[in-house]
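Reader: Hello! Could you take me closely through one part of this structure, the place where the two chains meet, and then set it in its surroundings?

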Amino acid sequence: MHETTVTRNAPKRIALIGNPSAGKSAMFSQMTGVNVIISNIPQTTVMVQQGLSHLDEHNVMVYDLPGVYSITAVTEDEAASKDFLLSTPIDAVLDIVDATRLERNLYLTLQLLELGLPVVVALNQVDLLKTLDLDIDVADLERELGVQVVPTIATQGEGVHTALETAYHYADQPSKRTHRQVSYDDHVERALAAIIPLLPETSIPKRGFAVRLLGGDKDFESRVDERTLARVREFRDDVERAHGEEVAVTIARGQHSTADLIASAVLVRRVHKPTLGEKFGEVSTRPRTGYPLLFALVGGMLALIFFVGGYLSSHITSFFEGTVFPPLYGAVNAQVANPFITSAVHSTLLALAAALAIAVPYILIFFIFLAILEDVGYLSRVALLLDRQAHVIGLHGRSIIPLLFGYGCSVPAIMATRALPTRKERIITTALITLIPCSARTAIILGVAATYAGIPYALAIYLISFVLIIAVGRLLRSTVPGRTAGLVLEIPLIRRPALVPILKKTWLRMKEFLYIAVPLLVVGSIVFGWLELTGLSRFVEAPMAPITVGILGLPAFTAICLIYGVLRKEMAVEMLAIASGTFIFSAVMTPVQIFVFCLVVTLYVPCIATFGVIARELNARWAVGIAIFTIVLALIVGGIAFRVLTFAW
Amino acid sequence: MSQKHELSSSEEEYLEAIYTTQEGKARVATTRELAACLGVRDASVTEMLKKLSEKGLVNYTPYRGAMLTEAGCTIATKVKRKHRLLERFLVDICGIDTHESHKQACEIEHVISDKAIDTLSAQLGHPSTCPGGSAIPESDSEDETDVSRLSEVKEGSYTIRFLTSAEPETISRLCSLGLIPGLTVRVQRTSSKGPLVIETKDTQIALGRDVAESLLVSPEAMETEGRRRRRRRGAPSAATPG
């Protein structure tokens, strides 16, 4: 490539778009690297990631848009992609096309071209073509589409540089070629011809504009006046009457047929024997083998987190308390006289140690495991296998994925509900996520309930939370207004996991924990240290006593722990140690009290970070509603547990 | 649906009205719409819908309206075909104006035999639209019994015929994955409960039972459409360009 562009101050902007699982995130990781600072775009479109990439000495801003199947947005994720494409000036759109599913992916490409976007196609996963006994003639595809096509293997970084370069130089293409146009059936074409003269001048080609209007795209309908819209509706009715189906379906047929024609022209198929990956995919979805595999994987994952996580967690804690803290404390105590400052330093260190002891062993292991399952294409199979079971709680299989994330950390789990198609599903899934024992709660259940009350108590907490999830799910299914939409889910090919995207995904999810939760933990810890120092914390115990002692049968000093548990669940335990003056909880509480305490901490009010995310993703009312609901639920369940166990004792 | 329904002409008229109201929109035809369409009172519509529901021809939800079942759809399609072909005949051959032809077609459609209408269609050169521009449903008298819900079929290849889902999210998702009438899909795995796995356009797709129920399919007709869907793991023939 020749260097003709004048270096400008503003970096060029390139947006990555493509079908889900086409390899978009791998492409983004390769372009921006793992350690490059990636930030969410401010304001509303938090789902669009941006990262700085470099091409020779030029900076390029790369935007990673959520995966979409078409321009017609169903989920909030997809709406974010569409908004971005329609509202942000970009220099090029790099359309990641999954070579193994060419025809289906070209559907989106044709829509992008129709909207006049500066499209360059990255034909991704070309390495898999050979194993599938397919072959694509890239030059033919370029000719058919009228755009530049770069073959890539994003997971290995192959072709990524060329793709970026081609997109970067999009504007310098010597002569604009004419893009492939979708040919629709006569009725639609006639309607389009009639609509086009009515349209205002915009940056969007009129034909594309007319197609969106005719198809009933709300985002385009809002761009024309009422009179034009009325005319469009007449044309729409005409076409619908002629075809006996929704015009959107007729339009989709035209686009799919054109995609089919292109794919048939460039794709060569040979006799194909199923590969190992396909055989595994088959095994993983067949009920007889799929369920055992799923149980083995989930069980293995939980066991790994329990044993390895618990082991690491206790070692990290003892490392800090035995090796790191004593000299630090000594140094601080020797240097600073002010007890408020020494207390603050102590609290900060304690908080950081606690965060490390939870983040690294529990959350990190969990998210790496999930990212691997996601990357190989297994998670959609989980959604398929558990669709039927999810109906019990008023959901569909795809909600299982955010719920699974919930066992790691509620914050990224709730963010993942953006991929659900209806608001009702988002609300139910979000509410249920808050009841799932996340890593912090796992730390409590393992570290306190299992250690000081006994393993059966720890298992009982899991069982109770599971039963409650089902009960609450059923309750919400019939009370939350709105509806859910049936499962329509692409099942990706099983792939070999690629390191970079896995690390990137894990990092993005960890970041939510590190940036939102850890600062709160530190601040809360400092404040608590001061309250202790001044003796103010005693004032909380008396007013809370009717709840802690009266309803739950807990010692009065647990009041402050429950309040601090709101900041961060595992902090309740740390506070318990401080408030009771010992780490050996069995010395100050009976097993039943320990059990009830852990149970309540697991269930009651989501931590403050989760609360904030719910308020942002749903709204403040739902956040407050869910918080109140969980508090009441925890008190009821805790109260019953206390009475039943005391009675049975 | 092997058993033949003996229907009165007013029952057929109702099925036709639901078909027209619903046509392709994959939605419930409300009681009010039907009353307006047929020029009768709401109460009469409710009564008739209950009757048709008992015969298994419509799915009737009180206060909402009705959707045709596959059996109802088959009959309604047939009646509609007769109606539109008759209109074509009355306008083109007899020179009757469209309003009058509609009225007469409404009368004749319930009494004319299948054989007679097929002959008429052939005589007219198998027209594809009625004088009003609406499509004339194709005669599928030989395989009308083959239309069934995707959720009810065995493994194998099927062509999607109708999309009866009422959820806009589902319709939109089906459209973007190309699961629209005319497409051939291969059912890879199905059971009496739980989702189905189908394959089309080189892609495996999981469909919830509720979605599968809303897709009406018929067994893939091997020789009909010129463009036969290439099959993934088929013979080496298939797709050389050109």
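Author: Happy to! One definition will help us first: two strands pair if DSSP finds at least two bridges between them. Please keep in mind that this is a predicted model.

With that in hand, let's start at the strands. β10(A) is joined to strand β8 (residues 203-207) of chain B by four bridges, and the two run antiparallel. Within that pairing, A:Glu490 has B:Ile205 in β8(B) as its bridge partner.

Now let's widen the view to the whole contact. Chain A brings 46 residues to it and chain B brings 45 residues. On the side of chain A that touches chain B, at least two residues each come from α3 (102-114), α10 (226-243), α11 (247-266), β9 (267-269), α16 (387-392) and β10 (488-491). Of these, α11(A) gives the largest share, with eight residues. Sorted by character, the residues of this side of chain A are 19 nonpolar, 13 polar and 14 charged.

How does this sit within the chain? The domain assignment splits chain A into domain 1 (12-172), domain 2 (186-269) and domain 3 (287-648). The centres of domain 2 of chain A and domain 3 of chain A, taken over C-alpha atoms, are 49 Å apart.

Finally, a look at one helix of chain A: α19 (residues 423-433) is mostly covered, with nine of its eleven residues buried. The buried residues in α19(A) include A:Glu425 and A:Arg426, along with A:Ile427, A:Ile428 and A:Leu432. A:Thr429, A:Thr430, A:Ala431 and A:Ile433 of α19(A) are buried too.

Conventions:
Residues numbered from 1 in each chain as written. Chains lettered and ligands numbered in written order. Predicted model: local features only at pLDDT ≥ 70, side-chain atom pairs only at ≥ 80, totals over all residues. Buried ≥ 20, exposed ≤ 12 C-beta atoms within 10 Å, placed from the backbone. Contact = placed C-beta atoms within 7 Å. Nonpolar A, V, L, I, M, F, W, Y, C, P; charged D, E, K, R; others polar. Domains from an automatic or database assignment.
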